[in-house]
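Let's walk through this model together, one question at a time. Grab a coffee and keep the viewer open.

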Amino acid sequence: MSIWLDIKYALRLLFNAPKFTAMTLGVLIGGLSISLFTFSFLYTSIYKPLPIPEGETAKALAVFEDGKYRYIRSFEYQAIKDNVASFAEFGVYDTGDMRINIKESGKSYYGSYVRAGFFEFSRIKPILGRTISENDTLVGAPAVAVISYEVWQSEYQGNENILTRSIKVDGINTDIIGVMPKDYRFPNMSKVWLPLLNSVLLESPQHSEYLYGYARLKAGVNIKDAEQELTQKINQIYQRNVKLFDLPKVEKHVKLLTFQMAQTGNDGAVAFAGLMTISFLILLLACINVGNLLLARSIERQKETAIRAALGAKTARLVSQLLWEGVIIASVGGLLSVLLVGAALDYTEVAIHSWLPGGGSFWWHYGMDGATLLMAVVFTLITILLSAFFPAWRSAHQDINSTLRDGTRGAQSKKAGRVSRILVTTQVFLVALLMLIGSITAFISHKFINLEMGDDYSNVMTARFSVPEKKYPEPQQQIALMQSLIAKLEQHPNLVGVINHNWIGASKVMLEGHEYLSEEDKLLIDVASLIGDSATVGVNLVAGRQFTHLDKSGNRKTAIISQSMAKRYWPGESPLEKSFTVNINDIDERVFIVGVVTNRMNASAMFGSRDSADEIYLSGLQFFDPYQILLYKTLPNTQQPEEIFYQAMFAIDRSIELTYSVQGASENRNKMRESMGLMSEITFGTGFFSLLLAMVGIYGLTANSVAQRTHEVGIRRAVGASDRDILRMFLKQGGKQLIIGLSLALLIFALISFGFHKFTEGIFPVYIYFSQALTVVFGLTVVVMLAIYLPSKKAVIMEPSMALRYE
Amino acid sequence: MKALLKLNDVSKTFLTEDIETKAINDISLEINKGEYVALSGQSGCGKSTLLSLLGLLDSPTAGQYWLADNDISSLSRNQRAEIRSKEIGFVFQSFNLISDLTVLENVMLPLTYQSGLSKAVIENRAKVVLEKVEMGHRKNHFPSQLSGGQQQRVAVARALVNEPKIILADEPTGNLDSKNAESVLQLFEQLHREGATICMVTHDPASAKRASRCLEMFDGRLIKDSINSTIKNNAVSTLEVAAG
Ligand SMILES: Nc1ncnc2c1ncn2[C@@H]1O[C@H](COP(=O)(O)OP(=O)(O)OP(=O)(O)O)[C@@H](O)[C@H]1O
Ligand SMILES: [Mg+2]
């Protein structure tokens, strides 16, 4: 009965102060929604059980080699697959890009190479036909494929007779044996499944491949024991082969992860923890603000509380009385946040599916779920504890006597006033820092998105692939293969140019005639290998010549350098025919400069201007890497430009393994820019929201502390203070908090930007930092002063006799 | 002699949630310079409201109010603030000391809102009036550390510190024992002799008798106005009391 009265009383208080209620709710919903959304998004992306039957027991295998994230090797799997005691199911698969040809046109799909047991592991049956069996993986068995519902629909319009059809997969006639149900993309985003042949497992350890492993534990076995068993078995089999096949010595360590975590390369935990911490801090900020607003209100009613206590109310009763206001606000806030987050998740689901036409990993299904609801309850409880219980408890434990003794609010409100002032100062500091760092981030992403790369990728296609080393073990054979591929491509009437271009990475360089006392003294310059004319990608010759077929092994080793390098090390003279030494694969190679080309953006120059770091190009005929990137330029308006490569490849050798679909060279870059843009938008959105949150917090705190002093304003005015005197008093106090907060923020910002400026070698001129700091100082000053001015004005307008009655 | 303040058909109506309270009902009144007026009447009859109108803490809902020939309604907010700080000393029924300021700072407050006074001067004058009310020894205490009577004396000191022409006191002796009450009344009499105009609300007939003029209110109206001929008055008042 009494509780019901308390609730009614709290509701009346909230309804009587609609602005306060709205503001508190706003702050709370903001904080709760950000935390909840972050949790739900990350949980679905990383921790949630896979959306397949028995998904929670499906594990992916990670094999760390000396701490580096790797996978199981095929020979290791072959050796242990039948005698791992911990596993009920254990298998491997590989993924890759698959080219499906129907009549003339072709399409690339992401697919998997799998073995018998794979589909059973996912506990899902095909809607048509059968899945891959043991016989399909025998060497020499007829080629078969299982296709996804989406491929069946888009390529074959859902034709029921599909199982009698054969298609060309990677140029090979293949029988379709089954169709998987809608949305089935196991192990993550496969659309086509081919057999992983026995021959892959029987490969000698030297040529053995890394494969993705998956497993389910036997009932009663715990993960740690299983990891231990596997670690021991894999190390044992690997060490036995180290000497036999001259393999690198590494210590292996197995971990069983969720499929989602495995996809993030085990970094998901860090990202999860980091992002959760940030969003939790935002929730904390919201709680502190709400708590302080509620505390301010309970202090307003302190005298009433004291009277109730004097009349005999028990502490529990007083706490309950004060608590309900916070409980109601937190509960309503929690409820509204759940609705808001639900809508945001639905929107995310739609956005992701329109952004990624393939649908991404199959577990990326965002929406309100049980875990998120549970978290909402937990967060709401935390909020109640932090923002309602503590203030109520504190207020109920006040010194009744001192409150009742006199007409003043006494020491309690003074303490609360100090807390509130410290909070405002802290928030000014946080907001200022957030704004400053945010503006720098905005600048960086803007710079990146509009980065001039120094090349021209228009009408250029990229093909990334690796040369099959088993078939072409000798570098000369590999080069020959590459040359014939290039020659084949050049036959196409629409082809403008083709180059083979590979970043080797930053390498140690010693110039002729210089002493290098230690390794650190040597220059570190980005090196790439090149076959063909670099003008194909817009890197133009300014002096000397391009590489020719004569720059091959056996002949003098040659190099082309960037303009910036020529200027830096041979100022005022021609670098042509000068020589230097570059360390490639631990061998110091002496090379002679034969050409100079325009500058490009490279990895070392990412933060600097284009000429801040140099490039060295070596002849691809002299320095060859089996992993290759081929770039070719076509005439504008060429239809299906990727088909040019596929045709050439199928004509030369089908066994070339594409690592990615052939695509526009700028596509990857655009995707990167797009995702960068999205990332910065998300950071910005969250940053902006927390900014808004803190602003509302600052406004609420200031307005409340001004309102609390209405009575004092009345007294001051009664004894002769003018409006200006009063405003000045408040502004002075607010100004102090502003100055402390801003100076701290500026100090830290100065340190950060100084470090950043040095690190980036002055990518932004110094005045940018100053103007950013100035803008932030100005903007924040205006906001804080307004937050003080508006409520002060209201307190001043009141007739003194009214203000004096204000308790 | 000219009237120092003059009310003409002044009314004050409070509107709270559809209930109209006519706290002051058509009062016309003149108080001359140098008069010592005692205002009495039963609780809730409008004494405090009248006093806050006189002290420019509130404005009437109807009627005119002249203070030293100025029509109050024509004064700006700043001008009114200036009059409050220079000409008026107000003792509140509920003291109204600022809890975050010490006794001395509370007393100094009115002077800090006048321009051209140095801090030393302000502090000195505050100390002098504090001695007058025998609160000098408590000047560094906070209000919450004082008894009710002590707070009242500080409130009186604050009202006197700016040497006001008019002192408006709302039951200044309500919380005091007879000895302290006597010293406050003597202080008022001394100020009165020095030429100050005083208007004091009191329930105590004995205190009222020491004033030169007694007003009585009932339900928002003045019902009685009498001159105490035994008190030597600095001014001869012309009485004009509107018929209740
Ligand atoms: N701000 C206000 N809002 C509403 N009503 C008010 C307000 N101020 C005063 N009143 C009403 O006006 C009437 C006069 O109040 P006032 O305080 O002047 O009485 P008083 O004569 O000083 O009484 P007391 O001797 O008890 O102090 C009362 O009925 C009171 O309820
Ligand atoms: Mg009164």
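A polar contact here is a pair of N or O atoms within 3.5 Å. Keep in mind that this is a predicted model.

Q: How far does a backbone N or O atom of B:Cys45 lie from an oxygen atom of ligand 1?
A: For a polar contact, the two atoms have to be within 3.5 Å. The backbone of B:Cys45 offers an N or O atom that meets this cut-off with an oxygen atom of ligand 1, at a distance of 3.3 Å.

Q: Which residue places a polar side-chain atom 2.5 Å from an oxygen atom of ligand 1?
A: Backbone and side chain both appear around this ligand, so to speak, by way of the 3.5 Å cut-off for polar contacts. B:Gly44 uses a backbone N or O atom, 2.8 Å from an oxygen atom of ligand 1. The polar side-chain atom at 2.5 Å belongs to B:Thr49.

Q: How much of ligand 1 does the protein bury?
A: Start from ligand 1 taken alone, which exposes 630 Å². Of that area, the protein buries 76%.

Q: Why is the site of ligand 1 shared between chains?
A: There are 14 residues around ligand 1, and those that come nearest are B:Ser43, B:Gly44, B:Lys47, B:Ser48 and B:Thr49. Elements that each supply at least two residues of the shell are β2 (19-32) and α1 (47-54) of chain B, together with α22 (800-805) of chain A. The site is shared because the residues surrounding ligand 1 come from chains A and B.

Q: Which element gives the most to the shell around ligand 1?
A: By class, this shell has eight polar, four nonpolar and two charged residues. The element that gives the most supplies three residues, and that element is α1(B).

Q: What is the area buried between chain B and chain A?
A: The contact involves 27 residues of chain B and 23 residues of chain A. Carbon and sulfur atoms give 51% of the buried area. The area itself is about 2300 Å².

Q: Which side chains meet in a salt bridge between chain B and chain A?
A: The count between chain B and chain A is one salt bridge. Its N to O distance is 2.6 Å, and the side chains are those of B:Arg77 and A:Asp723.

Q: Which element supplies the largest share of the side of chain B that touches chain A?
A: Across the interface, eight residue pairs are in polar contact. On the chain B side, α2 (77-86), α3 (103-112) and α5 (148-160) each supply at least two residues. The largest share, five residues, comes from α2(B).

Q: How many residues apart in sequence are the parts that A:Arg123 and A:Glu54 tie together?
A: The side chains of A:Arg123 and A:Glu54 meet in a salt bridge of 3.1 Å, N to O. A:Arg123 lies in the loop between α4 (118-121) and β6 (128-129) of chain A, and A:Glu54 in the loop between α2 (18-47) and β1 (59-65), so the pair ties together parts whose separation in sequence is 69 residues.

Q: Which residues of chain A does a cis peptide bond join?
A: Most peptide bonds are trans. The cis bond here has an omega of about 10 degrees, and one partner sits in the loop between β9 (172-179) and β10 (192-195) of chain A. The joined residues are A:Phe186 and A:Pro187.

Methods
Residues are numbered from 1 along each chain as its sequence is written. Chains are lettered from A and ligands numbered from 1 in the order in which they are written. This is a predicted model: local features need pLDDT of at least 70, side-chain atom pairs count only at pLDDT 80 or more; totals for chains, interfaces and linings use all residues. Side-chain values use heavy atoms; hydrogens and water are left out. Contact means heavy atoms within 4.5 Å. Buried area is the accessible area (1.4 Å probe) that two parts lose on being put together, summed over both. A salt bridge is a side-chain nitrogen of Lys or Arg within 4 Å of a carboxyl oxygen of Asp or Glu. A polar contact is a pair of N or O atoms within 3.5 Å; within protein, one must be able to donate a hydrogen and the other to accept it, and residues adjacent in sequence count only if both atoms are side-chain atoms. Helices (H or I, at least four residues) and strands (E, at least two) are DSSP runs, numbered from the N terminus. A residue is near a molecule or strand if one of its heavy atoms lies within 4 Å of it. Accessible areas come from the Shrake-Rupley method with a 1.4 Å probe; for residues, only the protein chains shown count as cover. Ala, Val, Leu, Ile, Met, Phe, Trp, Tyr, Cys and Pro count as nonpolar, Asp, Glu, Lys and Arg as charged, and the others, Gly among them, as polar.
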